[in-house]
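Reader: Please give me a close look at a single part of this model, beginning with the sulfur chemistry and working outward into the packing. I would like the distances and angles kept with each statement, so that I can follow the reasoning in the coordinates.

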Amino acid sequence: MKIVIIGGEAAGMSAAAKARRTDRDAEIIVFEQSEVVSFGACGLPYFIGDSFDEPGYMAERSVAQFRDSGIDLRTGHRVDRLDCDQQRLWVTDLASGEQFTQDYDSLMIATGASVVKPPIEGLALQGVHFLKTLEDGLTIKPQLQSAAIEEVVVIGAGYIGLEVVEALVHQGKRVRLIELSDRVLTESFDVEISELIQQELLDKGVQLHLKEAVQSLSGEQGRVQHVHTNAGQYRADMVIVATGVRPNSEFLSDTGIERLSNGAIVIDEQGRTSLRAVYAAGDCATVWHRVRRQPVYIPLATTANKLGRLIGENLCGGARAFPGTLGSAGVKVLALEAGRTGISEREARELGLDYSTVVINDKNTTNYVPNQQSLRVKLVYDRVSKQLLGGQIAGGPGAVLRVDTLAAAIHAKMTTADLGMLDLVYAPPFARTWDAINVAGNVAK
């Protein structure tokens with residue numbers, strides 16, 4: 001059995017490791033374009049924010065460790081073309097320029113995603129950065145130590161943009177956040193949660209610009225100094241662009257493989273693509289959504305690792321099936337936590353579901369515990385059956401981890417009445433006798 005994996009990040013290396021444990025005799029080859037493997041980009045905002053200094057913490061295992069386990073891991077190798085009929089790849093060794101072919105019995109595509117570069121003039125100026133790779137983090141972190149970097153503009157108010165804002169505030173910078181949409185995190189949260197995040201940003205001194213389009217960047221001697229939008233001009237000693245990612249799947253354009261409009265490779269519940277003996281996972285691929293009942297593009301490390309492990313078995317002849325994602329995700333924005341799972345009200349409306357919602361405001365501890373903080377819970381549920389479809393929570397400590405309970409409830413097809421009587425932990429430092437989740441379930445009608 002000859003297994004070839006394209007891409008050495010979370011999904012690819014999880015699959016390689018599981019395949020090696022499943023079949024000790026299989027030949028397993030991994031081609032990775034960069035020199036870094038098993039890298040978790042989710043740590044980058046915390047790295048540049050000085051939460052830690054050792055970049056190796058963002059990699060699960062080293063190249064040497066994977067090779068020692070019997071995996072033929074070849075860094076600095078780019079796969080240029082796939083012939084699925086011949087089950088053959090065309091590969092370039094980037095160091096030597098040598099090109100060669102590689103046959104396979106089973107193939108996994110785990111090529112990840114690249115940053116979306118918006119059509120903004122001046123992106124090539126010094127001081128303009130994206131934050132996706134280890135090299136990006138190693139470039140940005142020392143520059144932020146300079147007293148000359150005072151004003152930083154972040155473009156894009158998604159998860160990475162907001163985490164970068166927190167990192168910059170922690171570094172003592174004056175931060176301006178510019179977002180084209182009318183609120184932050186529009187793809188994940190409904191307005192009741194977004195407005196709390198926005199208020200937290202404003203309360204902590206972040207200059208927030210919504211419904212504003214960046215048109216160009218300018219500066220002298222090749223270095224950025226100003227950001228120009230449709231509403232004004234702002235000083236910038238540094239600009240960090242966080243406008244999303246796009247799947248790395250262009251090299252497959254002549255194969256006929258099924259992809260979404262953004263290029264994400266469509267897979268089934270076993271990780272198989274539309275091509276024979278070809279699997280895919282990670283930020284280059286879709287994932288089946290448990291509530292939406294359709295393939296979606298939600299690039300999350302948790303899903304990449306789970307699917308990678310599952311596909312590792314299937315590459316060796318297994319038939320494991322993934323039960324589906326709920327898109328569970330959380331973010332910390334300064335002193336506020338926010339998390340979500342399942343579908344939002346916007347998604348329920350777009351899907352044409354007969355749904356209801358409830359929003360409640362509560363507290364995270366009993367009244368006599370110092371530093372008690374607010375929680376806001378929103379539930380989305382089927383109007384007739386009361387089955388839970390989605391949930392969002394924002395507030396003080398404990399907000400995001402409560403979302404795990406909602407995820408388990410959706411997975412188990414629980415109703416709002418079930419939530420109301422769910423036996424949750426009570427102790428004064430952690431919750432009230434009726435937890436906010438219980439309250440939300442009981443209020444839902």
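**From a lone sulfur to the helix beside it**

Author: The closest cysteine sulfur to that of C316 belongs to C284 and lies 19 Å away, which is too far for a bond. The coordinates come from a predicted model, and a disulfide is counted here when two cysteine sulfur atoms are within 2.5 Å. By that rule the total is 0 disulfides; C42, for instance, takes part in none, the nearest cysteine sulfur being that of C284, 17 Å away. As for its surroundings, C316 counts as buried because its relative accessibility is 19%, and the cut-off for that class is under 20%.

A short step back along the chain leads to N314, a residue of helix α7, which spans residues 301–314. N314 has a relative accessible area of 3%, and is therefore buried. Its side chain finds a polar partner in the backbone oxygen of Q270, at 3.0 Å. Once neighbours within four places in sequence are set aside, the contacts of N314 are with Q270, Y279, A319 and R320, so that Q270 appears both as a contact and as the residue whose backbone oxygen the side chain reaches.

Helix α7 in turn packs against α1: the two axes come within 7 Å and cross at roughly 35°, and the crossing is right-handed. On the α1 side the residues that meet α7 are A10, A11, S14, A15, K18, A19, R21 and T22, while A304, N305, G308, R309, G312 and E313 face them from α7.

Helix α1 leads on to the nonpolar interior. The largest nonpolar core has 51 residues, and L89, L107, M108 and I109 are those with the most contacts inside it. Helix α1, residues 10–22, gives the most to this core, with 5 residues. M108 ties several of these elements together: beyond its neighbours within four places in sequence, M108 is in contact with V4, I5, I6, A11, G12, A15, Y279, A281, G308, I311 and L315. Of these, A11, A15 and G308 also belong to the meeting of α1 with α7, and Y279 is likewise a contact of N314. Apart from this core lies another, of 37 residues, with L134, V164, V175 and L177 among them.

For a view of burial elsewhere in the chain, consider helix α11, residues 436–443, in which A436, I437, N438, A440 and G441 are buried. The elements covering those residues include strands β23, β24 and β25 together with helices α9 and α10. The N-terminal end of α11 is capped by D435, which has a side-chain oxygen 2.9 Å from the backbone nitrogen of I437.

Finally, two backbone angles deserve care. Most residues other than glycine have a negative phi. D50, in the loop between α2 and α3, has a positive phi near 75°. L185, in the loop between β11 and α6, also carries a positive value, about 50°, although it is not a glycine. In accessibility, D50 is partly exposed because its relative value is 31%, whereas L185, at 4%, is buried.

How values were computed:
Residues numbered from 1 in each chain as written. Predicted model: local features only at pLDDT ≥ 70, side-chain atom pairs only at ≥ 80, totals over all residues. Heavy atoms only, no water. Core = buried A, V, L, I, M, F, W, Y, C linked by side-chain atoms within 4.5 Å. Buried < 20%, exposed > 50% of the residue type's maximum accessible area, 1.4 Å probe, protein only. Helix = DSSP H or I, 4+ residues; strand = E, 2+ residues; numbered from the N terminus. Contact = heavy atoms within 4.5 Å. Polar contact = N/O pair within 3.5 Å; in protein donor to acceptor, adjacent residues only side chain to side chain. Axes fitted to C-alpha atoms, helices over the stretch in contact; angles between N-to-C directions. Left-handed = near helix turned anticlockwise from the far one by under 90°.
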